[in-house]
Amino acid sequence: MTDSIKSFDQLKLSSQIQKSLDRMGFLAPTPVQAQTIPLMVDGYDVIAKAPTGSGKTFAFGIPIVEGLDYSIADIQAVIVCPTRELCIQIASELRELAAFCPKVHIATLYGGQPIAKQFKSLKRQPQIVVATPGRLLDHIGRGTVWLGNVYTAVLDEADEMLKMGFISDVRKILNTTPADTQMVMFSATISREVMDIAWQYQRNTVEVKISSEGENRPKIAQFSLVSSGNRRHQDMLNIIEQLDLHRVIVFCNMKSTVRHVSNRLIKSGCSVQGLHGDIPQRRRNHIMNGFRNGSFNVLVATDVAARGIDVEDVDAVFNYDIPDENEYYLHRIGRTGRAKQRGLSFTFVTENDTFRMRDIKKYTHSQITEIEYNEQGRLVLKSGTLLSEAVNNNIFD
Ligand code: ADP
Ligand code: MG
């Protein structure tokens, strides 16, 4: 089987596609993309089970756009999905992906839109069609769509679509594609109907399974320390030193705090970069690459700027401020523990934050251990055990 990939570089993408991924700020493929793209490029049929939000659109979008043959005037890829909204969304993401590929035409065909308008977009000879089953079948019946030269057929949200009663429409559509069409199915669950279609239309199939968040979660030992104001700087430095941390991310709630914290850490001799929404995307990508390559050790960031960050060996995440949203807490600490399946998080709290912390613990089902200083200035658990010993012995597993 094909090895899965870690970076977009490994895919040897065209410069146009790479450029649009850069522009969107996507630094690394999501797991479903990492597994699916090489399989699709190698021509396999794929059945992928992955939860919502896992990046399925580009998992099929990238290989489809990259595989287009501009010397062919026929439809080369068809994406069938259950709703009009999804059609529009998929098409708009694919257009963004193909923003620097001027020859790519994408048509959306769904019910509720005047069919004449769709005739017009079909006259532009789209290579890619995104459609709902009923309207697509309508076009096939009228002869305005011909799928006889389709190379890839995708069923997105297959379980939803088949559950909605589209199974016979989907069969009729697939029956008009060549027998050797690459068939790719994406589904949150593998239902009986999904299996039926797979058995009937897939041959050279590879299964891809992406577990939802929660399953397979890395072990992240989470701590809190009562600290506030500028004292947090020294506390961060102490933790970094006592645990010998090499790569950390510090989360702040505001851009101004990012600037302040970065400056102070720089003055303390740390190698630091700040990341927030006012920094242009190109510069942000550059900073992220630097962090990944190890050209500096401390990244200070806001939640927004940290979207999509995927750096493997982050030793620890600091919550300089308690996040405003419970969900952010999970997103933040999820930046650590990726490579070694083990990570650390430290949240600074004030007496006033007790209520917020309780809420976070409840919402995230987290166990958060309080730490403090002993008389020698070493960080310890309430039991007196040295933090460094506790961490090295993995007593939180
Ligand atoms: P799904 O179809 O699995 O629900 P989508 O394909 O709609 O997920 O993607 C979910 C979100 O993640 C979208 O906002 C998309 O732009 C974003 N996204 C996709 N791929 C990446 C990536 N490699 N890095 C960061 N964000 C991504
Ligand atoms: Mg989707």
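**Exercise 1.** Find how many residue pairs are in polar contact across the interface of domain 1 and domain 2.

*Solution.* Start with the rule: look for a pair of N or O atoms within 3.5 Å, where, within protein, one must be able to donate a hydrogen and the other to accept it, and residues adjacent in sequence count only if both atoms are side-chain atoms. Apply that here and you get one residue pair, both at pLDDT 80 or more. Next, sort the residues on the side of domain 1 that touches domain 2: four are nonpolar, one is polar and three are charged.

A word on the ground rules: this is a predicted model, and side-chain atom pairs count only at pLDDT 80 or more. Residues are numbered from 1 along each chain.

**Exercise 2.** Work out where the two domains lie in the sequence and how far apart their centres are.

*Solution.* Domain 1 covers 2–209 and domain 2 covers 218–392, with bounds from an automatic or database domain assignment. Now take the centres over C-alpha atoms: 39 Å separate them.

**Exercise 3.** List what Ile 79 touches, not counting residues up to four places away in sequence.

*Solution.* Use contact, meaning heavy atoms within 4.5 Å. You should find Phe 60, Ile 64, Ile 90, Leu 94, Ile 128, Val 129, Val 130, Ala 131 and Val 154.

Definitions and conventions. Chains are lettered from A and ligands numbered from 1 in the order in which they are written. This is a predicted model: local features need pLDDT of at least 70, side-chain atom pairs count only at pLDDT 80 or more; totals for chains, interfaces and linings use all residues. Side-chain values use heavy atoms; hydrogens and water are left out. Ala, Val, Leu, Ile, Met, Phe, Trp, Tyr, Cys and Pro count as nonpolar, Asp, Glu, Lys and Arg as charged, and the others, Gly among them, as polar.
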